[in-house]
Amino acid sequence: MTHPSSLPRAAVPSAAERAYRHLKRAILEQVHPGGSLISEGEIAEAAGVSRTPVREALLRLEAEGLVALYPKRGALVRPVSAREITDVVEARRLVELHAAERVWPQRHALRPVLADWLDRMRAAHAAGDLRALMEADRAFHASVVEAAGNEILAELYHRLRDRQLRMGEASFRLSPGWARVALTEHASQLAALDGDDPHAWLDAVGAHIDSAASAFRSLR
């Protein structure tokens, strides 16, 4: 029998990693919205670490384009710009529409996967669980991209994840009606998969991306 003490233990994240995860989550969830100036001391207290690991975390977030550092003042959370919205939407259209076209022949296998994520979205919406709603929404879209079988495009799509999450979080949080629109449009995509017209499926995917873009821009 293997003694419990000999079993491998999950790696404990460093103080810098804890600070990074805490602050990144707070930024993506709009706890610190764009334009907010936050101090190292404030972050250290909230994350339960000293200021040194906070500085390391801030350097990582600066490299990711989420904050701008100002010596002796703190970090400014970068607002989502009109250019960033345009770029992200354009990238989404290129990747998601290509993926949607590629997965059409295997739509019958994909449909139950998407139906499950839509059910989770509906349950999260009914429970008022915004985080679960966002995660299920993201997984719905990622499932289509991953099913297309292009690993490079799937990797690119996942690199857009944080920017999409930040914009989507703001949309769901600040525009309550957007969640109902998103649920309806996801249902329309499923309905298109049940049909025999690939153009209806592509139109449904493209229409949802355009609706999301309009929601993002309305919040600026």
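A residue counts as buried when its relative accessible area is under 20%, as exposed when that area is over 50%, and as partly exposed in between. These terms recur throughout the tour, which moves through a predicted model.

**Stop one: a salt bridge inside helix 4**

Select glutamate 96. With a relative accessible area of 5%, glutamate 96 falls under the 20% limit and is therefore buried. Next, add arginine 92, which is also buried, at 6%. The two side chains meet in a salt bridge, with N and O 2.6 Å apart. Both residues belong to helix 4, and 4 residues, about one turn of the helix, separate them.

**Stop two: helix 4 against helix 7**

Keep arginine 92 and glutamate 96 displayed, and extend the selection to residues 82-103 for helix 4 and residues 151-159 for helix 7. Two packed helices are described by the angle between their axes and the distance between the axes. Here the angle is about 140° and the axes lie 11 Å apart. Angles over 145 degrees would count as roughly antiparallel; helix 4 and helix 7 are therefore oblique to each other. The crossing of helix 4 past helix 7 is left-handed.

Now show the side chains where the helices meet. From helix 4 come Arg92, Val95, Glu96 and His98, and from helix 7 come Leu153, Leu156 and Tyr157. By class, this contact comprises 4 nonpolar residues, 1 polar residue and 2 charged residues. The salt-bridged pair of the previous stop, arginine 92 and glutamate 96, thus belongs to the set of residues in contact with helix 7.

**Stop three: a second pair in helix 4**

Move along helix 4 to aspartate 87 and arginine 83, which again lie 4 residues apart, about one turn of the helix. Their side chains form a salt bridge with an N to O distance of 3.0 Å. How accessible is aspartate 87? At 33% relative accessibility, aspartate 87 counts as partly exposed. Arginine 83 is exposed, with a relative accessible area of 60%.

**Stop four: a link between distant parts of the chain**

Select lysine 24 and glutamate 64. Their closest N and O atoms are 3.0 Å apart, and the two residues form a salt bridge. This pair joins distant parts of the chain: lysine 24 is in helix 1, whereas glutamate 64 is in the loop between helix 3 (51-63) and strand 2, 40 residues apart. Lysine 24 is buried, with 13% relative accessible area, and glutamate 64 is partly exposed, at 31%.

For a further view of charged side chains, display Glu17, Arg21 and Arg60, which are linked in a network of salt bridges. Across the whole structure, a search finds 10 salt bridges.

**Stop five: two loop residues**

Select histidine 32, located in the loop between helix 1 (15-28) and strand 1 (37-38). Is histidine 32 buried or exposed? Histidine 32 is buried, its relative accessible area being 15%. Leaving aside residues up to four places away in sequence, histidine 32 touches Leu23, Ala26, Ile27, Ile38, Glu42 and Val77.

Finally, go to lysine 72, in the loop between strand 2 (67-70) and strand 3 (74-77). Lysine 72 is exposed, with a relative accessible area of 91%. Inspect the backbone here as well. Most residues other than glycine have a negative phi. Lysine 72, although not a glycine, has a positive phi of about 70°.

Terms used
Residues numbered from 1 in each chain as written. Predicted model: local features only at pLDDT ≥ 70, side-chain atom pairs only at ≥ 80, totals over all residues. Heavy atoms only, no water. Axes fitted to C-alpha atoms, helices over the stretch in contact; angles between N-to-C directions. Parallel < 35°, antiparallel > 145°, perpendicular 65-115°, else oblique. Left-handed = near helix turned anticlockwise from the far one by under 90°. Contact = heavy atoms within 4.5 Å. Nonpolar A, V, L, I, M, F, W, Y, C, P; charged D, E, K, R; others polar. Buried < 20%, exposed > 50% of the residue type's maximum accessible area, 1.4 Å probe, protein only. Salt bridge = Lys/Arg side-chain N within 4 Å of Asp/Glu carboxyl O.
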